[in-house]
Amino acid sequence: MRDNPTMHGLQASKFLLLALILIQLLSTQLFAQRSKSPWQTLTGDAPRIIARGGFSGLLPDSSIDAYSFVSQTSVPGAVLWCDVQLTKDAIGICFPDVKMMNASHIQDVYPKRKNSYLLNGVPTQDWFTIDFNFKDLTNVFLKQGILSRSDAFEGNNYAISTVKDISTQLKPEGFWLNVQHDAFYAQHNLSMSSFLLSISKTVIIDYLSSPEVNFFRNIGSRFGRNGPKFVFRFLEKDDVEVSTNQTYGSLAGNLTFVKTFASGILVPKSYIWPVESQYLLPHTSFVQDAHKAGLEVYASGFANDFDIAYNYSFDPLAEYLSFVDNGDFSVDGVLSDFPLTASSAVDCFSHLGSNASSQVDFLVISKNGASGDYPGCTDLAYTKAIEDGADVIDCSLQMSSDGIPFCLSSINLGDSTNVVQSPFRNRSTNVPEIGSLSGIYSFSLAWTEIQTLRPAIENPYSREFTLFRNPREKSSGKFVTLSDFLNLAKNSSSLTGVLISVENATYLREKQGLDAVKAVLDTLTEAGYSNKTTTTRVMIQSTNSSVLVEFKKQSRYETVYKVEEVIRDILDSAIEDIKKFADAVVIGKKSVFPTSESFTTGQTKLVERLQKFQLPVYVEVFRNEFVSQPWDFFADATVEINSHVTGAGINGTITDFPLTAARYKRNSCLTRKDPPPYMIPVQPAGLLTIVSPASLPPAEAPNPVITDADVTEPPLPPVTARAPTTTPGPQSTGGKTPNGQTRVTLSLLLSAFATVFASLLLM
């Protein structure tokens, strides 16, 4: 009986119609599911956390400890990512790349087996997995492949694991295999498809990704109905996909084609949030377009210790939230070297809303306003600190030569202004009572002169780490007087208080005839703070007990004693003395968690002891830059805050980035009876237990103990009238030499040069 072409055409049409109906029904079900969910993912489920090579931000990529650490620090169901490579004898291993030198010590074991191959069309020299049988790799150990990360764990001699080893030993809830170089292996008579089909009989593969179209074409039909999800991996937009000879940017415009062989796509972050000059551009419609095509979208490239857009203020948590909870879309998963931070972003900080209530009681105190985003002590820094949720904003008090109290982070104008590039650069002086280096000090300029200067943002990690803060706004904002500062605070409905820091009061009284204490008290009175016309709390801070004693005598404002040194304890008798003149104490982070070579070595009892004497403890300075935190906090400012607040029990954080601390107060995980692992304070010195013995930091001399003698000071001296002086003009005229050239003393030139040089380094 001959086939009827018409009948076949009708059957095909019916099949196509049925397929369209099924797709429509599936889309309707997905839409219904999404409409009931707060998540704007394709299915309405929470985004997946995918741990690239395990917790590779801390431990060597693809090491057994890096993989096992994920379950201890991340959401249930976190997916383990394995970059699959093939050895010469076709054994599949989990290793970051086909090239081995960067992530292992193979060059030490086989110094003469370096080879050269064409990789993606580029001649490449390295040690390649295809040149070694798996047995050859027995004595090859993994190392940290990113130099900015700690190498202290490498002495543990982490062996290279097979795909089967990871699956069998760890039994991951989700297992993702990434095949980066299928065509390369095929050129060398190794079949990745054969390996995967074979291993899938004993290993559950949940996700399978590759940047090569032909890989999916060849393997797609060979997995059964219960095979893995296929995820097409996009490389950078200008890179060329080897199968189609099209750029990935071109393929991104044809998602319906990608849907014919994959159910999901993995893309660099820039496909979703483009970046220009390290600032975010408006997000694209890529996620929404992919969801319309029925594709899940996974974003790659997340790491707490990479440079991220300035818009995130060095806070990796803020970056995750922009991908999973921005009101317009949510990616379906994130590929991260730090799955702990990704887990807390999804589970603790998403969908909080602007009106979420505080879940923990501590003060968020600014450090010179939001000085991580704008030049400190400017109107912009203070305004942003208030907007970001600071409870208390602070003013580091300085005095101008004409007695105007104003806010600036340092008495040395060269630290936070452009004074060394100004007409006042000749006013450099040496003041041993303040510092060993000469400077241009606030009391050398009148307020009207100071107002002509431009502020400069603080860059505490520019010299050693070349990390710069918000360069677009590095000179933005206006300086504010203490009166302006107090009025700004009084008009804010969200602030609970102000903190005024008073330093160098003795020198200013004795040598400059300026009374900082009187200036503060008079300005507070003029602003209405002394007659209870405002409920704003006032705190006066100083490192000098004599200053706080003076304020106690003349007012009822709260006083805060700042301990500048890193200490391990305070004698009871010294605490009793402190209580006589202070209502709270400020200490540094290292006085809570002492460190050695960026590892915490324990926890002091300082906080507990001071609180026992009814003295609240505020700790400084919290910063978002990952280099400011010990390794124990996983390059995550929120982990550091949590360990100090929930772990050590401090009463307040003093921070350059108030938004990070204010957001932490509202996170939903704090109210749970059993907090998740990513919201449990770190164990002090916990990482030292897994550091290889040869890499343990050396024992350091114990930090000092504060005694009565360290606290007690003579009273402030009376104000000494300053002898009349002729204030130098903007430009130094100096003496005239016979040939008419201006004569400037060598010492003044050297002082000015030193100040200019220091200022340029800070910019």
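A residue is called buried here when its relative accessible area is under 20%. The structure is a predicted model, and this report considers helix α22 and the pairing of helices α16 and α18.

**Helix α22**

Helix α22 spans residues 637–647 and is mostly covered, with nine of its 11 residues buried. These buried residues are Ala 637, Thr 638, Val 639, Glu 640, Ile 641, Asn 642, Ser 643, His 644 and Val 645. The elements in the table are among those that cover them.

| Element covering buried residues of α22 | Residues |
|---|---|
| α11 | 316–324 |
| α12 | 339–347 |
| β27 | 617–622 |
| β28 | 652–655 |
| α23 | 658–665 |

Both ends of α22 show a local feature. At its start, the backbone nitrogen of Thr 638 has a side-chain oxygen of Asp 636 within 2.9 Å. Just after the helix, Gly 649 adopts a positive phi of about 80 degrees.

**Helices α16 and α18**

Helix α16 comprises residues 482–490 and helix α18 residues 516–526; the two pack with their axes 10 Å apart, at an angle of about 40 degrees. Angles under 35 degrees count as roughly parallel and those of 65 to 115 as roughly perpendicular, and α16 and α18 are therefore oblique to each other. Their crossing is right-handed.

On the α16 side, the contact is made by Leu 482, Ser 483 and Leu 486, which meet Ala 519, Val 520, Thr 523 and Leu 524 of α18. By character, the residues of this contact comprise five nonpolar and two polar, with no charged residue.

How values were computed: Residues numbered from 1 in each chain as written. Predicted model: local features only at pLDDT ≥ 70, side-chain atom pairs only at ≥ 80, totals over all residues. Heavy atoms only, no water. Axes fitted to C-alpha atoms, helices over the stretch in contact; angles between N-to-C directions. Helix = DSSP H or I, 4+ residues; strand = E, 2+ residues; numbered from the N terminus. Parallel < 35°, antiparallel > 145°, perpendicular 65-115°, else oblique. Left-handed = near helix turned anticlockwise from the far one by under 90°. Contact = heavy atoms within 4.5 Å. Nonpolar A, V, L, I, M, F, W, Y, C, P; charged D, E, K, R; others polar. Buried < 20%, exposed > 50% of the residue type's maximum accessible area, 1.4 Å probe, protein only. Polar contact = N/O pair within 3.5 Å; in protein donor to acceptor, adjacent residues only side chain to side chain.
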